[in-house]
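Hello,

Here is the structure I promised to pass on to you. Please have a look at it first, and then read my notes below.

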Amino acid sequence: MTEPYTPRVVPLLDQRSAALPTPAAAFTSDTRRAADGLLLDTRQRPLRDLRISVTDRCNFRCNYCMPKEIFDKNYSYLPHAALLSFEEITRIAKVFVAHGVQKIRLTGGEPLLRKNIERLIEQLSALRTLEGRALDLTLTTNGSLLARKARALKAAGLQRVTVSLDGLDDAIFRSMNDVDFPVADVLTGIEAARDAGLGPIKINMVVKRGTNEHQILPMARRFMGTGMVLRFIEYMDVGVTNGWRMNEVLPSSEVVKLIHTELPLVQLEPSQPGETAERWGYANAAGQHDQAAGEIGVISSVTQAFCGDCNRARLSTEGKLFLCLFASQGYDLRSLVRADAADADLTSAVAHIWAGRADRYSELRSAMAPDAGSGRRRVEMSYIGG
Ligand code: SAM
Ligand code: SF4
Ligand code: SF4
């Protein structure tokens, strides 16, 4: 039976203008440090991973991220002057690297839409970790422009890419991206990334119950044995525009169970602390991990909180620092940079912000009633980056 149509009211607040005061106080001894000198937050978590959103625009309208009815021709995106320049991004990134960041992921919106993104990659790839190593420099993309750009990205110093792909069925994929983009072109982009040496490639599939769960097995079969790691992401309550409901979340445990019935799996150890994905390897006849067949990952941000070792910070397109994907406000670093703050002040501000971090939204949500967080004020994924 069809349910009567009820118009959806979206409490869209423009969180982009709101900012928390940025501490510019001098660096004090109360800032927690681990034995190795690394900065710690209030829950003893170090700062290791920085995600940088380089644009709030996208050529797709995935309904779980930028639904067409909100992100239409009347939507006001950030003006160019509001965006951090490549030089500003690199300056801020350098401060984070000095605080222990080892991995930088460029995201958006669609990062490949940012003009001359290769120039930013060149600048970031010149940075070195505290140990003197190159950064783990990666980018998340919808793949639509990869065929054209993969070689230039590699030449600029990008190490690898994560490509989002929600299914292999062309009709389902076109309806999920909602701009009628064909799946074949994303697959061509993935091949181009592989040929350019942008690996190991990860493939992200957001699973929405009732929309694409029957694409789980075809996707697993398609990427098994290719050296690419397919990761299934639970549909999350990010932002306020996607009308998230708990009953559209397919728990990762069910994804694993489903794949295991056809392609036996064994659980693998996390490869590093703070890793978002739980790893499962394809098993051989003896029940051991078959390295050649490879592995999958599941990211259970809704059903299994992993805030305990979350070491990620996010820099928005206009230079606000967010300490959690579900935060409602960020700290304005752009104003510090544009006020010609000295490096020491910027370093001190970041140290203070991280030292005061207590965020653990997923853990707290687990204690709430289903859907309880759905009306809460939060920034959009396309603004803060995934
Ligand atoms: N446009 C690029 C892309 O799609 O890969 C990068 C930005 S996108 C916001 C980053 C990641 O967030 C993508 O893998 C996307 O599938 C994921 N994402 C967006 N909205 C989501 C949601 N509501 N739940 C789970 N994942 C989501
Ligand atoms: Fe665009 Fe990525 Fe969001 Fe899809 S998930 S609308 S591709 S930013
Ligand atoms: Fe990290 Fe926030 Fe996600 Fe928890 S909810 S894992 S603190 S980003």
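Cys310 is buried in this predicted model, because its relative accessible area is 12% and the cut-off for buried is under 20%. The same reasoning holds for Cys324, which counts as buried because its relative accessible area is 11%. Both cysteines turn up again at ligand 3: Cys307, Cys310, Cys324, Leu325 and Ser362 are the closest of the 13 residues that surround this ligand. As for cysteine pairs, how many disulfides does the count come to? The count comes to zero.

Two secondary-structure elements are worth finding on your screen while you are at ligand 3. Strand 11 (312-315) supplies at least two residues of the shell, and helix 10 (361-366) likewise supplies at least two. Sorted by class, the shell around ligand 3 holds seven nonpolar residues, five charged ones and one polar one.

Next, please turn to ligand 1. There are 20 residues around this ligand, and those that come nearest are Tyr64, Gly109, Ser164, Met236 and Met381. Here are the contacts I would point you to:

- Ser164 places a polar side-chain atom 2.5 Å from an oxygen atom of ligand 1.
- Met236 has a backbone N or O atom 2.9 Å from a nitrogen atom of ligand 1.
- Glu110 has a side-chain N or O atom 3.2 Å from a nitrogen atom of ligand 1.

Another serine deserves a moment of your time. Ser144 sits in the loop that runs between strand 4 (136-141) and helix 3 (146-156). Is Ser144 buried or exposed? Ser144 counts as buried, because its relative accessibility is 14%. The side chain of Ser144 is in polar contact with two other side chains: that of Asn142 at 2.7 Å and that of Asn59 at 2.9 Å.

Finally, a word on the second largest pocket. The space in this pocket is about 310 Å³. Its lining is made up of 16 residues, and those nearest the centre of the pocket are His80, Leu83, Phe86, Arg114 and Lys115. By class, the lining has six charged, six nonpolar and four polar residues.

Do write back once you have been through it all; I would be glad to hear your thoughts.

Best wishes

Key:
Residues numbered from 1 in each chain as written. Chains lettered and ligands numbered in written order. Predicted model: local features only at pLDDT ≥ 70, side-chain atom pairs only at ≥ 80, totals over all residues. Heavy atoms only, no water. Disulfide = S-S within 2.5 Å. Buried < 20%, exposed > 50% of the residue type's maximum accessible area, 1.4 Å probe, protein only. Near = heavy atom within 4 Å. Helix = DSSP H or I, 4+ residues; strand = E, 2+ residues; numbered from the N terminus. Nonpolar A, V, L, I, M, F, W, Y, C, P; charged D, E, K, R; others polar. 1 Å grid on protein atoms, 1.4 Å probe; cavity = no way out; pocket = protein on both sides within 12 Å on 5 of 7 lines; lining within 4 Å. Points joined across faces, edges and corners; volume = space filled by probe spheres on them. Polar contact = N/O pair within 3.5 Å; in protein donor to acceptor, adjacent residues only side chain to side chain.
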